[in-house]
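Hi everyone, thanks for making time for this. Have a look at the structure on the screen, and I'll talk you through the parts I enjoyed.

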Amino acid sequence: MPPEAVCAELFDAVLDVAHSGRFLPFDKDRRWAATKDEWVLVGDIVHTAAETIVPALSTRGGGLVKLYYYGATEPDLPELVCLGERLAKCHSVGAGNRVIWFSDRSDGASGRVMVKRFSSADDRLCNGIQVLADCPVADTFGAFADEIGPEGFQFLYQRMKSGQRDGPTLVSVVDDRVVGAVGPLSTVAGPDGRTIQQPAYFAVHPAYRGLGHGRNLWRASMSWGRTREAEVKVLQASRGSAAEGLYVSEGLETYGYVCQA
């Protein structure tokens, strides 16, 4: 959620569905499954005058503990990582854990939490971008997904083959093949009533990077959201990645960081 949407009522709503398998109306994971496979560990929440630590457990794959840190002081990352390890052991999931915090501290971070705010600047045409469903070389998308690797497009391609319709995917085509993609695109009403454009998979084939395909895809996806009255989008980017550089140059705000341990 964007920072201004985080409030006591939202926190209460998250706790209300913990361990129930239910989704909140604006949960991005509703697109992928019938029940929620991640929930807040209510009994392990730490709340003091100085800080609040909200642990969540994901059972995907080998399992993962996520710690969301809110505090007036900078987070003690080694201590939080140790807490995540203890909780992972207690709940019999994988040893890895993730810490997400919301402050200016960036050392030790492997990723950023970023916010895109839509404006009239997003009302623009992006030449050369096509909707995958209408693309003459759509049959090359599977090869693109395989060559990109674990970026989510293999998962999305399998859903497409099974007849799932998750929203449009935009693609860039060169040499009669798909070389970049962003999708599926969707919007949802957030907890404060504003329209949120949800996160999407986004990648350009390594052999075609540095040629503007990523920026064109990004801008086309933002134009898509703008025409559907999207007001804000929240996403994560790996530190040092091409996507991070693109988002910074496109004016996205950073309001948190991620440490993958």
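Let's start at the hairpin made by strand 8 and strand 9, where two residues sit between the strands. One residue in that turn, Asp175, has a positive phi of about 55 degrees. Please keep in mind that this is a predicted model.

Strand 8 and strand 9 are joined by five bridges, in the antiparallel sense. If you'd like one pair to find on the screen, take Leu170, whose bridge partner in strand 9 is Val182. Now stay on Val182 and look across to strand 12, where Phe202 stands opposite. Strand 9 and strand 12 run antiparallel as well, with four bridges joining them.

On the other flank of the hairpin, strand 8, which covers residues 170-174, is joined to strand 7 by three bridges, again antiparallel. There, Val131 has Leu170 in strand 8 as its bridge partner.

Putting the strands together, we get an open sheet of four, in the order 7-8-9-12, with antiparallel pairing. Which strands stand at the edges? They are strand 7, residues 129-131, and strand 12, residues 201-204; each has a single partner strand, so one side of each is left without a neighbour in the sheet. On average, neighbouring strands here are turned by 35 degrees against each other, ignoring direction.

A helix joins the picture too. Helix 4, residues 153-161, packs on this sheet and touches strand 9 and strand 12. Its direction makes about 115 degrees with that of strand 12.

What about strand 9 itself, buried or exposed? Six of its seven residues are buried, so strand 9 is largely enclosed by the rest of the structure.

That brings me to the cores. The largest nonpolar core holds 22 residues, and those with the most contacts inside it are Leu170, Phe202, Leu217, Trp218 and Tyr247. You'll recognise Leu170 and Phe202 from our tour of the sheet: Leu170 pairs with Val182, and Val182 faces Phe202. Several elements supply at least two core residues each: strand 9, strand 12, helix 5 (213-227), strand 13 (232-238) and helix 6 (242-249). Which of them gives the most? That would be helix 5, with five residues.

Let me zoom in on Leu170 for a moment. Leaving aside neighbours within four places in sequence, Leu170 has contacts that include Ile129, Gln130 and Val131 on one hand, and Gly180, Ala181 and Val182 on another. Leu170 is also in contact with Leu185, Leu217, Ala220 and Ser221. There is a second, separate core as well, with 18 residues, including Ile53, Tyr69, Leu77 and Trp101.

While we're talking about helix 5, here is a polar residue in that helix: Ser223. With a relative accessibility of 15%, Ser223 counts as buried, because the cut-off is under 20%. Not counting residues up to four places away in sequence, Ser223 touches Asp122 and Arg124.

Finally, the charged pairs. How many salt bridges are there? The count comes to 22.

My first example is Arg117 with Glu4, whose closest N and O atoms are 2.7 Å apart. This pair links distant parts of the chain, with Arg117 in strand 6 and Glu4 in the segment before helix 1, 113 residues apart. Both ends are partly exposed: Arg117 has a relative accessible area of 31%, and Glu4 comes in at 41%.

Next, Lys36 and Asp29 meet in a salt bridge at 3.1 Å, N to O. Here Lys36 is buried at 18% relative accessibility, and Asp29 is buried at 8%.

Then there is Arg194 with Asp192, where the closest N and O atoms are 3.0 Å apart. In that pair, Arg194 counts as buried at 19%, whereas Asp192 is partly exposed at 38%.

Lys36 and Asp29 also belong to a network, joined by salt bridges that share partners. Its other members are Asp27, Lys28, Asp37, Glu38, Arg60 and Lys66.

That's my tour, and I'm happy to go back to any part of it on the screen.

Conventions:
Residues are numbered from 1 along each chain as its sequence is written. This is a predicted model: local features need pLDDT of at least 70, side-chain atom pairs count only at pLDDT 80 or more; totals for chains, interfaces and linings use all residues. Side-chain values use heavy atoms; hydrogens and water are left out. Two strands pair if DSSP finds at least two bridges between them. Axes are lines fitted to C-alpha atoms, for helices over the stretch in contact, and angles run from 0 to 180 degrees between N-to-C directions. Contact means heavy atoms within 4.5 Å. A nonpolar core is a set of buried Ala, Val, Leu, Ile, Met, Phe, Trp, Tyr and Cys residues joined through side-chain atoms within 4.5 Å. Buried means under 20% relative accessible area, exposed over 50%, partly exposed in between (1.4 Å probe, protein chains only). A salt bridge is a side-chain nitrogen of Lys or Arg within 4 Å of a carboxyl oxygen of Asp or Glu.
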